[in-house]
Amino acid sequence: MQKLQFPHYVFRFKSSENKKYIFDQIRKKFVVLQPEEWVRQHVVQFLISDKKYPISLINVEKQLRVNGIQKRYDIVVFDPNGSIRILVECKAPKIKIDQQVFDQIARYNLSLNANYLMVTNGMEHYYCQMDYQRETYTFLRDLPDYRNIKAADRP
């Protein structure tokens with residue numbers, strides 16, 4: 001798999017039936033290693049190792065309903081109270097991050113109301129903070145660390 005714009009992380013791999021698998025510590029199972037999964041697993045490690053979010057607050061690939069249609073988000077990070085702190089949309093490295101990708105995460109966020117959004121293809125990362133009172137968002141250089149979330153921003 002190609003090198004991504006993340007720090008180096010150590011992953012567990014296995015091969016079976018001519019397929020390569022990577023261990024997902026959130027789902028606690030091996031999953032087929034596809035380019036998008038490679039990005040997703042790097043984001044999970046980034047959130048755990050670098051941003052210090054507890055594993056217990058991270059959810060991967062779950063279904064949600066958007067305008068009555070079943071969709072599947074990539075990664076959600078919850079607050080301890082169950083509200084959604086971060087919504088992440090992962091794309092394969094060859095997929096260009098464009099308006100269509102931002103529209104996709106915005107549609108998902110209509111149902112989820114995350115405080116922060118992250119869009120990445122492993123090579124480019126975009127972060128923004130939502131302001132629901134003003135109905136705006138602000139692009140950020142990075143996501144806040146779990147321990148550095150302002151008291152006013154905590155549930």
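These questions and answers cover the cavity and the largest pocket of a predicted model.

Reader: How many cavities of 30 Å³ or more are there?
Author: A cavity is a space where a probe fits but cannot get out. With the cut-off at 30 Å³ or more, the count is one.

Reader: What is the volume of the largest cavity?
Author: Its lining includes Phe102, Leu117 and Tyr126. The largest cavity has a volume of about 30 Å³.

Reader: Which elements each supply at least two residues of the lining of the largest cavity?
Author: Phe102, Ile105, Val119 and Cys128 are among the lining residues. The elements that each give at least two are α2 (99-112), β7 (116-120) and β8 (125-131).

Reader: How do the residues of that cavity lining divide into nonpolar, polar and charged?
Author: Met118, Tyr127 and Phe139 are among the residues of the lining. Met, Tyr and Phe count as nonpolar. The full division is no charged, no polar and nine nonpolar.

Reader: What is the volume of the largest pocket?
Author: A pocket is an open set of points. The largest one here is lined by 14 residues. Its volume is about 280 Å³.

Reader: Which element gives the most to the lining of the largest pocket?
Author: Phe102, Ala106, Leu117, Met130 and Tyr137 lie nearest the pocket's centre. Elements giving two or more residues to the lining are α2, β8 and β9 (136-140). With seven residues, the top contributor is α2.

Reader: How many charged residues are in the lining of the largest pocket?
Author: Asp, Glu, Lys and Arg count as charged. The lining has 10 nonpolar and three polar residues. The number of charged residues is one.

Methods
Residues are numbered from 1 along each chain as its sequence is written. This is a predicted model: local features need pLDDT of at least 70, side-chain atom pairs count only at pLDDT 80 or more; totals for chains, interfaces and linings use all residues. Side-chain values use heavy atoms; hydrogens and water are left out. On a 1 Å grid over the protein atoms alone, a cavity is a set of points where a 1.4 Å probe fits but cannot get out, and a pocket is an open set with protein on both sides within 12 Å along at least five of seven lines; lining residues have an atom within 4 Å of a point. Grid points are joined across faces, edges and corners, and a volume is the space filled by probe spheres set on the points. Helices (H or I, at least four residues) and strands (E, at least two) are DSSP runs, numbered from the N terminus.
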